[in-house]
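Hi,

Here is the structure I promised to pass on. Have a look, and my notes follow below.

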Amino acid sequence: MLDKLREECGVFGIYTKENSDVTRYAYTALYALQHRGQESCGIAVNDRGIINYKRGMGLVNEVFDKENLERLNGGKIAIGHVRYSASGTVHHHNTLPLVVKHIKGPMALSYNGNLVNAQALREDYENKGAIFHTMSGAEVLAYAVTEQRLTCGSIEESLEKAMHKIKGAYSLAIMSPKKLIVARDPDGIRPLCLGVIRDETGEAGYVAASESCALSAMGAEFLRDVLPGEIVVFSDKGIRSITAHCPKGDKKGSLCVFEYIYFARPDSVIEGVSVHEARMKAGKILADEHPVPADVVIGVPDSGLDAALGYAQHSGIPYGIGLIKNRYVGRTFIQSSQETRESTVKIKLSAMKSVIAGKRVIVIDDSIVRGTTMRIIIKILREAGAKEVHIRLSSPPFKNSCFFGTDIDSPGALIANRKTQEEIRKEIGADTLGYLSIEGVEHIAEGADCGFCTGCFSGKYPMDVPSELPTDKFDFKLSQ
């Protein structure tokens, strides 16, 4: 495994007033969200109460071709999903959207996040006779909602009651025969935003997506972020907001700060703050916290580039393109064995000798998880003639597990837990090493209409979490 974190997935939903090409909209949106999940994807379409779907392993353009897109065409409502998986759960049965049949009607569900009590809920449902077909937390969510359907008058009421039982991080989209329903957990850990599609008649439809970049790609107008704890219902009766689970008082939620550092696309806007600007701000704070004499500042593509530009502008040291990313490397090159790891990185990244040779180089990246990739990058730069290599990270050291859907190893596997900063510097071969402080990371998105979860850095989580990550057969370590 390479020394990079993986976010678990991206969700999308669309509701239109008349039958339209919702499949094309969903396909376009998932393309824009591809960075959030590259192992599987799917689209479910509601055509006059009948839910048709296509899911598969692979990238969006690998799973969907002209034929199966045309087969899904039609209908007023659709939801979509792109997914990463936990180690050991890469299987087509876990692809989403999840489509279930119930006495109250069919339902399709996509979500991003992780339920910290998923395992306990699953065992409770199994003891009552439930049969699970996947290792996906989405199936636990589906049971939690359908459990309430027998006594509730609507699916949104069922979700509102189910939210009293489910604990953790989730942004979700649910499609029923007549409605699209989206929601965020009360802490707002995972992002979700709303948009509108306009035509000559005015508002032709509404969309929800993990990031605003998906709205831009499909030509929708951004409206707002879904509030932490909010349920938004789209139906032929209009739009309705249910705020029973929204935080009261001054509490504004705890968005995962790593959305700004790495997960989200730079052209997205989350909670009122540009991701690009937040990364630039991280670079500027890094320049104040860890200055060093140098000749050029470079970023590791792609997530280090914006922070590198911010560092360069604030420090006055010239910005340069020092590493080139090969954008045509397939996922089959991602090998886990030690023997192939170095060749994998060299296939993906190469140094610009004209920028590097004879220079004191500051290298900006988003994080170091295990240290293997950074050690190889430094070796590549030294082979290109770098005189000095100074590493700066736009996040604090990873020292704790994430329980909310980020692919972070157990604490024992994180290099910052096994070694001091000086030991890490020596192991990766850098001349100096500097991390963004926890105080600094909390200020990279100033003006955001939310608080932040920094648990993977600080060990302080917005809710009670298990003492350790689950390790049993259900593997609920990550979001599905």
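In which kind of crossing, left-handed or right-handed, does helix 4 pass helix 5? The crossing is left-handed, meaning that the near helix is turned anticlockwise from the far one by less than a right angle. Before the rest, some housekeeping: this is a predicted model, with local features needing pLDDT of at least 70 and side-chain atom pairs pLDDT 80 or more, while totals for chains, interfaces and linings use all residues. Residues are numbered from 1 along each chain as its sequence is written, and side-chain values use heavy atoms, with hydrogens and water left out.

Back to the helices (DSSP runs of H or I, at least four residues, numbered from the N terminus). Helix 4 covers residues 118-127 and helix 5 residues 137-149; they pack at about 55°, with axes 10 Å apart. Axes are lines fitted to C-alpha atoms over the stretch in contact, and angles run from 0 to 180 degrees between N-to-C directions. So helix 4 is oblique to helix 5 (not under 35, over 145 or 65 to 115 degrees).

Helix 4 brings A118, L121, R122 and Y125 to the contact, and helix 5 brings V140, Y143, A144 and E147 (heavy atoms within 4.5 Å). By class, that contact has six nonpolar, no polar and two charged residues (Ala, Val, Leu, Ile, Met, Phe, Trp, Tyr, Cys and Pro count as nonpolar, Asp, Glu, Lys and Arg as charged, the others, Gly among them, as polar).

Cheers

Note on methods:
Helix = DSSP H or I, 4+ residues; strand = E, 2+ residues; numbered from the N terminus.
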